[in-house]
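Dear colleague,

I am passing on the structure we spoke about, and below it you will find my notes on what turned up in it. Please read them with the coordinates open beside you.

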Amino acid sequence: MWQGFHPATSCPEVGFGLARNTMMPFDANMSDIRDEDLLAAFTSGDALAAKALTQRFGPLCYGVAFRMLGNQAEAEDIAQDAMMKLWKMAPDWESGRAKISTWLYRITSNLCIDHLRRRSFAPGDEVPDVADESVLSAESSLQNKARSDALQTALMQLPERQRQAIVLRHIEGLSNPEIAQIMETSIEAVESLSGRAKRALTDILSPQKKALGLI
Amino acid sequence: MTHKDAKSHETVPSEIEAFFTAARLESPAPGKAFLEKVELDALANMKVTRQIAAVPRGWLQTIASSVGGWIGGFGLASAMALGIFVGISTPQDAVFLSSDITSELDEFAWLEDFASDTWEEL
């Protein structure tokens, strides 16, 4: 349970400002603490809050960046940039303005689109790194992995806005209003982008269905 | 955390839904080194923020800001100086000051005579 700020019990090195019930087990992710409270604790100098925010939002940024870029190293760079923007903006974060996750989805997506546009002028740097073994879980089934790889390859053939819409909608599981907010467009435009993307993906993936055990 | 829309996959054709399901199961995970780098960024940025917040202000700056900045401070100092002057001035100075004023007023004595004559005529 979030206990609020108690400077008297704070420690400058670890857990500054985050007093916890000593009867509770230690939770490195602080999963029961709201995003905004964690950000406020980070701003107050809490190292544990920094760690929890990293573990909560680092994978989120990386996941979107990887689906958008298809390359592990580039996805890590973009995700690190997005998180850096979060650290810098933290002192000025207005409570209730927007969800931190929504803000990060927007920042990450925009950084990815900027990166893709720059990359389109640099030939020879466009091969998606979809088969990177370090990215995919070794314990997952080969079939899931093959389908996921096939989808990633297909995603990379979509226009960037369609790819962004489909990743946020069908992989990240966001609602259309949220996606519209992230993409700074209307809900109707999101539905249109998503519809066109699905039709394109169906066309690209249909020939592979038999090979991937879907018939 | 992220809002998960329970109905987000209803309109997806079944043939590609299998691909989305696989993609969600095979969610790309960042490496440990990446998370360490991000956390180091956070800690470095946190130190900078705390240093900026901890820069000590001089006592002059503190006083100036409490009275509305340097302009407000000058106004207050002027008012204080005038108050002190009035406070330490001797009564003789005050008499001298008042006689100066009354001697100047004597020049307007004709106005008083004029007013009284006019009143009597009425």
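Does B:Glu39 count as buried or as exposed, and at what relative accessibility? B:Glu39 counts as buried, because its relative accessibility is 18% and the limit for that label is under 20%. Please keep in mind throughout that this is a predicted model.

**Salt bridges**

B:Glu39 is a good place to begin, as its side chain takes part in a salt bridge with A:Lys51, in which the closest N and O atoms are 3.5 Å apart. This pair crosses between chains, running from A:Lys51 in helix α2 of chain A to B:Glu39 in helix α2 of chain B, the latter helix covering residues 32–54. On the chain A side of the contact, A:Lys51 is partly exposed, with a relative accessible area of 28%.

Over all chains, the search of the whole structure finds seven salt bridges, and two others among them deserve a description here. One of these joins A:Arg56 to A:Asp35, with 2.5 Å between the closest N and O atoms. The pair links distant parts of the chain, since A:Arg56 sits in helix α2 of chain A (residues 47–69) and A:Asp35 in helix α1 of chain A, 21 residues apart. A:Arg56 and A:Asp35 are both buried.

The other is formed by the side chains of A:Arg117 and A:Glu160, which meet at 2.7 Å, N to O. Here too distant parts of the chain are linked, with A:Arg117 in helix α4 of chain A and A:Glu160 in helix α6 of chain A (residues 160–171), 43 residues apart. A:Arg117 is partly exposed, at a relative accessible area of 46%, whereas A:Glu160 is buried, at 18%.

**Aromatic contacts**

Four aromatic pairs are found over all chains. A:Phe42 and A:Trp87 make up a tilted pair, with 4.9 Å from centre to centre and 45 degrees between the planes. A:Phe42 belongs to helix α1 of chain A (residues 35–43) and A:Trp87 to helix α3 of chain A (residues 72–89), so the pair ties together parts that are 45 residues apart in sequence. Both A:Phe42 and A:Trp87 are buried.

A:Trp93 and A:Trp103 form an edge-to-face pair, because their planes stand at 90 degrees, with the ring centres 6.0 Å apart. A:Trp93 lies in the loop between α3 and α4 of chain A, while A:Trp103 lies in helix α4 (100–119) itself, so this contact ties together parts that are 10 residues apart in sequence. A:Trp93 is buried, with a relative accessible area of 13%, and A:Trp103 is buried as well, with 10%.

In addition, A:Tyr62, A:Phe66 and B:Phe34 form one aromatic cluster, which brings together residues of chain A and chain B.

**Cysteines**

The structure holds zero disulfides over all chains. A:Cys61 is in no disulfide, and the nearest cysteine sulfur, which belongs to A:Cys112, is 9.3 Å away. A:Cys112 is likewise in no disulfide, its nearest cysteine sulfur being that of A:Cys61. The separation of 9.3 Å can be set against the limit for a disulfide, which is within 2.5 Å. A:Cys61 counts as buried at 0% relative accessibility, and A:Cys112 is buried, also with a relative accessible area of 0%.

**A nonpolar patch on chain B**

On the surface, B:Trp59, B:Leu60, B:Ile63, B:Trp70 and B:Phe74 form a nonpolar patch, which together has about 640 Å² of accessible area. The elements that give two or more residues to this patch are α3 (59–66) and α4 (69–88) of chain B, and α3(B) gives the most, with three residues. B:Ile63, one of the patch residues, is placed in helix α3 of chain B and is partly exposed, with a relative accessible area of 45%.

As for the other helix, α4(B) has 20 residues and reaches 29 Å from its first C-alpha to its last, which is close to the 28 Å expected at 1.5 Å a residue. Of the 20 residues of α4(B), the number buried is zero, so this helix lies largely in the open.

With best regards

Note on methods: Residues numbered from 1 in each chain as written. Chains lettered and ligands numbered in written order. Predicted model: local features only at pLDDT ≥ 70, side-chain atom pairs only at ≥ 80, totals over all residues. Heavy atoms only, no water. Buried < 20%, exposed > 50% of the residue type's maximum accessible area, 1.4 Å probe, protein only. Phe/Tyr/Trp six-rings, centres within 6.5 Å; stacked < 30°, edge-to-face > 60°. Helix = DSSP H or I, 4+ residues; strand = E, 2+ residues; numbered from the N terminus. Patch = residues over 30% accessible without salt bridge, like charges linked within 9 Å, V, L, I, M, F, W, Y side chains within 5 Å. Areas by Shrake-Rupley, 256 points an atom, 1.4 Å probe, with all protein chains shown as cover. Salt bridge = Lys/Arg side-chain N within 4 Å of Asp/Glu carboxyl O. Expected span 1.5 Å × (residues − 1).
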